[in-house]
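Reader: I should like a close look at a single helix of this model and at its surroundings. Please treat the subject as one connected account.

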Amino acid sequence: MARSESNPHGIGILGGTFDPVHFGHLRSALEVCLQLELDHVRLIPCAVPPHRQQVVASAQLRRLMLELAVKSVPQLVVDDRELHREGPSFTVDTLLSLREQFSDNPLFLILGTDAFRGLSSWSRWQQIIQLAHIVVVQRADESLNHDNNMQNWYQQHLAAADDRYLPAGKIWPLTVTPLAISATQIRQALAAGTAVNFLLPEAVIALIEQLALYRKADQ
Ligand code: ATP
């Protein structure tokens with residue numbers, strides 16, 4: 001099926017703590033957008049992450065860092081809907097809310113291999129693929145090993161090229177420029193007083209320095 005006026009544009013979704021946002025997030029999001037010919041990718045900071053240790057910077061600062069990072073890149077859009085919800089930020093609830101807003105558009109949930117490996121522990125995880133496609137982005141130094149059940153599930157849902165006009169339901173393994181950058185590495189460098197240039201946008205670094213964020217070593 002070729003794209004026509006009747007095929008609504010695909011929309012990408014990248015959720016995370018973004019504590020802080022870095023070029024690994026930004027470049028992957030942009031490359032997925034280009035490869036799948038999406039209209040845009042929505043970067044969605046979580047309020048309370050359900051799966052991991054607490055975040056360091058406040059939700060407002062993580063959102064502000066994202067806004068500074070995407071300022072001149074129209075394909076990347078900051079979406080703060082999770083910051084308006086109480087309790088843990090479950091992805092399935094975010095997708096339900098996006099589905100209400102974008103009833104016909106194909107939605108593409110972007111997950112790094114590390115995030116995808118933990119998918120079966122997520123709240124109502126089987127509902128996720130009914131609401132969106134899942135794009136699995138190969139993260140540098142990560143391989144996608146999963147147990148047999150997940151392996152079968154993965155194979156059963158693998159996408160074919162034409163499936164991108166479906167609203168949801170398929171798995172898309174994609175390769176993007178590997179950037180072995182993590183927010184943990186950046187927080188540790190900042191705590192140690194080491195330079196973080198070329199790992200994240202200068203505008204974000206300027207804000208971090210101005211507010212003396214991530215200075216403590218226990219982060
Ligand atoms: P932390 O080091 O604090 O755990 P992180 O750098 O992994 O953070 P998150 O905000 O937890 O960043 O990640 C959000 C999403 O972005 C996840 O799906 C994750 O797999 C993906 N991601 C993070 N860093 C990269 C990267 N360097 N390349 C590709 N995807 C990435």
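**Helix α8 and its surroundings**

Author: The face of helix α8 turned away from its buried side carries two exposed residues, E209 and Q210. This description, like the rest of the account, concerns a predicted model. Helix α8 spans residues 202-211, and within it V204, I205, L207 and I208 are buried. Viewed down the axis of α8, these buried residues fall within an arc of 160 degrees, so they line one face of the helix. Just after α8, A212 adopts a positive phi of about 55 degrees.

The next matter is what lies against the buried residues of α8. They pack against α2, residues 59-70, and against α7, residues 183-192. Each of these two partners is taken up in turn.

In α7, the buried residues are A183, I186, R187, A189 and L190. Seen down the axis of α7, they too lie within an arc of 160 degrees, so they line one face of that helix. What covers the buried residues of α7 includes α8, while α8 in turn has α7 among the elements against which its own buried residues pack. On the face of α7 turned away from its buried side are the exposed residues Q188 and A192. The residue G193 follows α7 and has a positive phi, near 75 degrees.

The other partner, α2, leads to the sheet. Helix α2 lies across β2 and β3, and runs at about 155 degrees to β3. The sheet is open and is formed by six strands in the order β3-β2-β1-β4-β5-β6, with parallel pairing. Its edge strands are β3 (76-78) and β6, each of which pairs on one side only. Neighbouring strands of the sheet are turned by 30 degrees against each other on average, direction ignored. Within the sheet, β1, residues 11-16, is joined to β4 by three bridges, and these two strands run parallel. The residue I13 has L109 as its bridge partner in β4.

Helices and strands also come together in the nonpolar interior. The largest nonpolar core has 38 residues, and those with the most contacts inside it are V32, V41, L43, M65 and V135. The elements that give two or more residues to this core are α1 (23-35), β2 (40-45), α2, β4 (107-112), β5 (133-137), β6 (171-174), α7 and α8. The largest share, five residues, comes from α2. Thus α8 and the two helices that its buried residues pack against, α2 and α7, are each listed among the contributors to this core.

One residue of the core may serve as an example. Leaving aside residues up to four places away in sequence, V32 touches E37, L38, I110, V135, V137, L174 and V176. Of these, V135 is itself among the residues with the most contacts inside the largest core. Apart from that core lies another, of 24 residues, among them I13, L95, L98 and W125. The residue I13, already met as the bridge partner of L109, therefore belongs to a nonpolar core, a set of buried residues joined through side-chain atoms within 4.5 Å.

Key. Residues numbered from 1 in each chain as written. Predicted model: local features only at pLDDT ≥ 70, side-chain atom pairs only at ≥ 80, totals over all residues. Heavy atoms only, no water. Buried < 20%, exposed > 50% of the residue type's maximum accessible area, 1.4 Å probe, protein only. Helix = DSSP H or I, 4+ residues; strand = E, 2+ residues; numbered from the N terminus. Arc of directions from axis to C-beta. Contact = heavy atoms within 4.5 Å. Pairing = 2+ DSSP bridges. Axes fitted to C-alpha atoms, helices over the stretch in contact; angles between N-to-C directions.
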